[in-house]
Amino acid sequence: MELGYFAMPSHPPECGLKEGHDWDLQTLRWLDELGYQEAWIGEHHTAPWEPHPSPDLLIAQALLQTRNIRIGPGGFLLPYHHPAELANRVAMLDHLSNGRLNFGVAASGLPSDWAMFNVDGMSGQNRDMTREALEIILKMWTEPAPWTHKGKFWTVTKPDTMFDFLKPHIKPQQAPHPPIGVAGLSKNSDTLKLAGERGFIPMSLNLNPAYVGSHWDSVEAGAAKTGRTPSRKDWRMVREVFVADTDEEAWKLSTGDMMGRMMGEYFLPLLGHFGFKDYLKHAPDVPDSDVTVEYCARNNWIVGSPATVTEKIEKIYQEVGGFGVLLVFGFDYKHKPEAWHNSLRLLKQEVLPRLKHLDASVGRAA
């Protein structure tokens, strides 16, 4: 098993945009120093608790301040970008990364973002746009000119050479392109089926482990369409994690601090508006009113001492049948930076060595 990081990025609404950006940069430097494998940075436009609209700006700076960690958008919201422009921008970013870039894509799930960009998410237009945009981007990177794509949402031409010198020439450094990751939330997730179908990296967002178990079924269903054999080693699991020297300290620093505040003030009410609290329940008959910060901490979060966290990760691993990379869900602890750094350190140095016997290639403990 490997470790990575998944950042919305999340910051409290009173946090300045640069202040939050600088905290994310600090965290990425720590992750690199500690030997984390990868980090994914989200894009949002209308969520004060998720305030970064351009992950590539953070990634470009972080690449200059890190040496080994792979970094990528997690992901670019494809309905809101012209695919030809994004193909060139991501290709350039791949060169700046010297081949350390991952390319995460997403369809966008916030109705307020849909409204800003005039996208009809209720009818699934955002998903259709995402599929078409990704098709164009991959075509830009892999198919020689000339061609014209006339789609439902975009018409894009890759022209032949014009006036002797002018021609499309920008391709990623990684051939044929950076690894592509997609995140899934719902049961029978379309995006996770797409991951299986196209051989992309599947990422399961932070939900109840019993619910997430169905996500691998979606990956396999998609893979069956194209005759692929997906590997559980590619499966990323996003979880809320806080490790401290004792269970009591970890509980206080998680539920009683920024993790608890973000969940209580933003994430749980938001999921409630969407009717998504079922995704957090360990049993379907649990009332919505019982799904509190403390409930999530007890049933879904990975919080505790190194010994407790080891036990919880192993339990989740067995419940879902095995996965390859645990992605730590990012929170803003700039008011207690040493506590967040210590949590990341303990997870890497104390917990991970105790999980070496887990082998995702076989899906169960080796």
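Here is a friendly chat about how some labels in this predicted model are earned.

Me: Why is the pair formed by tryptophan 23 and tryptophan 30 called edge-to-face?
Reply: Start with the two values: the ring centres are 5.5 Å apart and the planes make 85°. Rings pair if their centres lie within 6.5 Å, and planes over 60 degrees apart count as edge-to-face. Both conditions are met, so tryptophan 23 and tryptophan 30 are an edge-to-face pair. The structure holds 17 aromatic pairs.

Me: How do you know whether tryptophan 23 is buried or exposed?
Reply: Its relative accessible area is 5%. Buried means under 20%, so tryptophan 23 is buried. Tryptophan 30 has 12% relative accessibility and therefore counts as buried too.

Me: What makes us say that the charged end of lysine 139 sits over the ring of tryptophan 147?
Reply: The charged end of lysine 139 is 4.6 Å from the centre of that ring. The distance has to be within 6 Å, and the charge must also lie within 35 degrees of the ring normal. The value of 4.6 Å fits the distance limit, and lysine 139 is listed as sitting over the ring.

Me: Why are β3 and β4 said to stand at the edges of the sheet?
Reply: The open sheet has 9 strands, in the order β3-β2-β1-β13-β10-β9-β8-β5-β4, with parallel pairing. β3 (70–73) and β4 (76–77) each have a single partner strand, so one side of each is left without a neighbour in the sheet.

Me: How do you know that β10 and β13 pair?
Reply: Count the bridges: strand β10 (residues 236–239) and strand β13 (residues 325–329) share 4. A pair needs at least two, so these strands pair, in the parallel sense. For arginine 239, the bridge partner in β13 is valine 328.

Me: What makes the buried residues of α8 line one face of the helix?
Reply: In helix α8 (residues 247–254), the buried residues are Ala250, Leu253 and Ser254. Seen down the helix axis, the buried residues of α8 fall within an arc of 95°, so they line one face. Glu248 and Lys252 are exposed on the other side of α8. In general, residues three or four places apart point the same way because an α-helix has 3.6 residues a turn.

Me: Why does alanine 339 count as buried?
Reply: Alanine 339, which has its place in helix α12, shows 12% relative accessibility. That is under 20%, so alanine 339 is buried. Leaving aside neighbours within four places in sequence, alanine 339 is in contact with Phe242 and Leu253.

Definitions and conventions
Residues are numbered from 1 along each chain as its sequence is written. This is a predicted model: local features need pLDDT of at least 70, side-chain atom pairs count only at pLDDT 80 or more; totals for chains, interfaces and linings use all residues. Side-chain values use heavy atoms; hydrogens and water are left out. Rings of Phe, Tyr and Trp (its six-membered ring) pair if their centres lie within 6.5 Å; planes under 30 degrees apart count as stacked, over 60 as edge-to-face and the rest as tilted. Buried means under 20% relative accessible area, exposed over 50%, partly exposed in between (1.4 Å probe, protein chains only). Helices (H or I, at least four residues) and strands (E, at least two) are DSSP runs, numbered from the N terminus. The arc is that of the directions from the helix axis to the C-beta atoms. Contact means heavy atoms within 4.5 Å.
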